[in-house]
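Me: Got a minute to go through this one with me? I'd like to start with helix packing, then poke at a few odd backbone spots.

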Amino acid sequence: MSTRVERLFADVLKILRDDDRDLQRIADYPDSNIALDDFWGTIGDDAVLQPVDRATDRRLSGDETDMAEDERRAVDGAIRVHGIDALAMYKSYRYLQKRPFPNYWGVFYLESGIARLEQLLLYDLPALQDSRFVAFDFLWRHESYHFRFDVASLAFEGVAQKALYEPQKRAFYRCRDQQPEEALANHNVWEWAKREDLSLSPRRGKLSRSGIANFAYDFMKTQPGAYARFDESITDLRREAAAGLFEGLRFRGAAPQRIDLSPWIGLIPTELRGHGNVPEYLVRNVRLSKLLALAHWFPLVRVISESDDVAKKIATRYQNLRQQWVATKDKLVRATGAAGLNFKQWKPSPGLWSVRVNDNFRAHLRAIDTTKGIWEVVEFGPHTELGHG
Ligand SMILES: [Zn+2]
């Protein structure tokens with residue numbers, strides 16, 4: 001199906017000389033010490049690949065996984081640690097022989113990743129139609145950007161007869177989440193979500209996709225490093241990526257270095273875009289709960305109580321928020337990973353977690369018993385009062 005693209009890769013790759021300058025190995029971003037390759041690389045040979053065929057199966061049904069709690073917590077945790085690429089990955093033709101999935105390249109969707117994204121979408125958007133298809137499309141917008149970045153880089157490599165892509169990947173190995181390419185890929189999702197959102201474009205037709213832009217925003221803002229930078233200026237992000245790719249200058253301040261080439265970042269001919277050019281697979285028989293360290297799982301929330309101080313506040317000063325607070329608690333127990341809750345570690349106070357009550361109010365919680373999922377709310381108020389920006 002994709003021989004044209006494969007031939008392009010093969011023709012250019014054979015004339016490239018590798019650039020081993022030390023410069024190429026440096027990425028001056030915070031070290032995340034979590035290598036995504038380590039995570040996907042641990043997927044074993046028992047994984048089953050099933051080609052995704054959009055032409056014959058628009059709904060792209062998988063098992064309606066009644067996902068075990070362990071798996072849900074692992075997937076939700078993986079999204080916070082590894083970003084959206086915990087759910088699906090793009091593997092370049094350049095790495096055809098490498099793990100995971102030797103002899104295959106393209107976009108790989110984890111079955112439990114798709115199923116969980118669908119659940120998360122439905123938590124916040126219960127009226128969403130074709131939710132399974134939307135989940136695939138969501139991930140496609142991110143992963144297909146990686147394909148575009150790859151092929152666009154290949155064009156420059158062909159002219160320069162010098163490797164650019166591979167040194168870039170090596171340089172970011174210990175801080176993969178900081179690649180401006182990830183911000184650009186999530187930006188691609190963001191632009192798609194805004195177009196899909198019925199509330200923003202009322203002429204889109206009958207599909208109820210209202211709220212998907214808000215979902216995408218919340219979902220991507222809790223992702224690590226560059227993943228959360230999707231709403232920054234696209235021009236600046238492209239410039240930052242160009243400085244890294246072409247000059248080996250990998251830090252934010254390097255953005256002005258190759259402004260001349262930045263418009264071509266991620267730009268490929270129309271005929272090379274789209275599903276027919278990239279093989280797509282559903283990856284079955286893989287459990288994230290077996291691959292991801294327990295320390296990274298999302299916390300269990302079963303019981304929530306308020307401290308005396310918070311209970312008093314809700315009974316008096318914030319009485320008007322009582323119903324919203326009850327609904328928030330209920331959702332936090334029923335749908336802990338829901339994007340709309342924005343439930344996240346509150347970094348300024350280790351041990352505290354923060355949840356959104358409404359656009360202006362948040363609550364801070366502390367786990368009393370992590371294995372039983374018992375929590376106490378210790379702060380409740382306007383987000384500015386609680387120290388949020
Ligand atoms: Zn990515």
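Reply: Sure. One term before we start: a crossing is left-handed if the near helix is turned anticlockwise from the far one by less than a right angle, and right-handed if clockwise. Also keep in mind that this is a predicted model.

Me: OK, so which hand is the crossing of α5 and α7?

Reply: Right-handed, as α5 passes α7.

Me: And at roughly what angle do the axes of α5 and α7 cross?

Reply: Roughly 135°, with the axes coming within 8 Å. Here α5 is residues 131-160 and α7 is residues 180-196. Angles over 145 degrees would count as roughly antiparallel and 65 to 115 as roughly perpendicular, so α5 is oblique to α7.

Me: Which residues in α5 meet α7?

Reply: On the α5 side you have Phe 138, Arg 141, His 142, Tyr 145, His 146 and Phe 149. They meet Glu 181, Leu 184, Ala 185, Asn 186, Asn 188, Val 189 and Trp 192 in α7. By class, that contact has seven nonpolar, four polar and two charged residues.

Me: Switching topic. Where is Arg 72, and is it buried or exposed?

Reply: Arg 72 is in helix α3, residues 69-82. It counts as buried because 24 other C-beta atoms lie within 10 Å, and the cut-off for buried is 20 or more.

Me: What does Arg 72 touch?

Reply: Leaving aside residues up to four places away in sequence, Arg 72 touches Met 67, Arg 116 and Gly 337. Gln 119 is 47 residues from Arg 72 in sequence, with 9.8 Å between their C-alpha atoms.

Me: Now the backbone. What is the peptide bond from Arg 99 to Pro 100, cis or trans?

Reply: That one is cis, with omega near -5°. Pro 100 lies in the loop between β2 (88-91) and β3 (106-110). For context, most peptide bonds are trans, and most residues other than glycine have a negative phi.

Me: So what is phi at Gln 161?

Reply: Near 50°, which is positive, and the residue isn't glycine. Gln 161 is in the loop between α5 and α6 (165-171). It counts as exposed, because it has 10 C-beta neighbours inside 10 Å and the limit is 12 or fewer.

Me: And what about phi at Asn 342?

Reply: Positive too, near 55°. Asn 342 is in the loop between α12 (322-334) and β6 (344-345). With 15 other C-beta atoms within 10 Å, Asn 342 is partly exposed.

Notes: Residues are numbered from 1 along each chain as its sequence is written. This is a predicted model: local features need pLDDT of at least 70, side-chain atom pairs count only at pLDDT 80 or more; totals for chains, interfaces and linings use all residues. Axes are lines fitted to C-alpha atoms, for helices over the stretch in contact, and angles run from 0 to 180 degrees between N-to-C directions. Helices (H or I, at least four residues) and strands (E, at least two) are DSSP runs, numbered from the N terminus. Angles under 35 degrees count as roughly parallel, over 145 as roughly antiparallel, 65 to 115 as roughly perpendicular and the rest as oblique. Two residues are in contact if their C-beta atoms, placed from the backbone, lie within 7 Å. Ala, Val, Leu, Ile, Met, Phe, Trp, Tyr, Cys and Pro count as nonpolar, Asp, Glu, Lys and Arg as charged, and the others, Gly among them, as polar.
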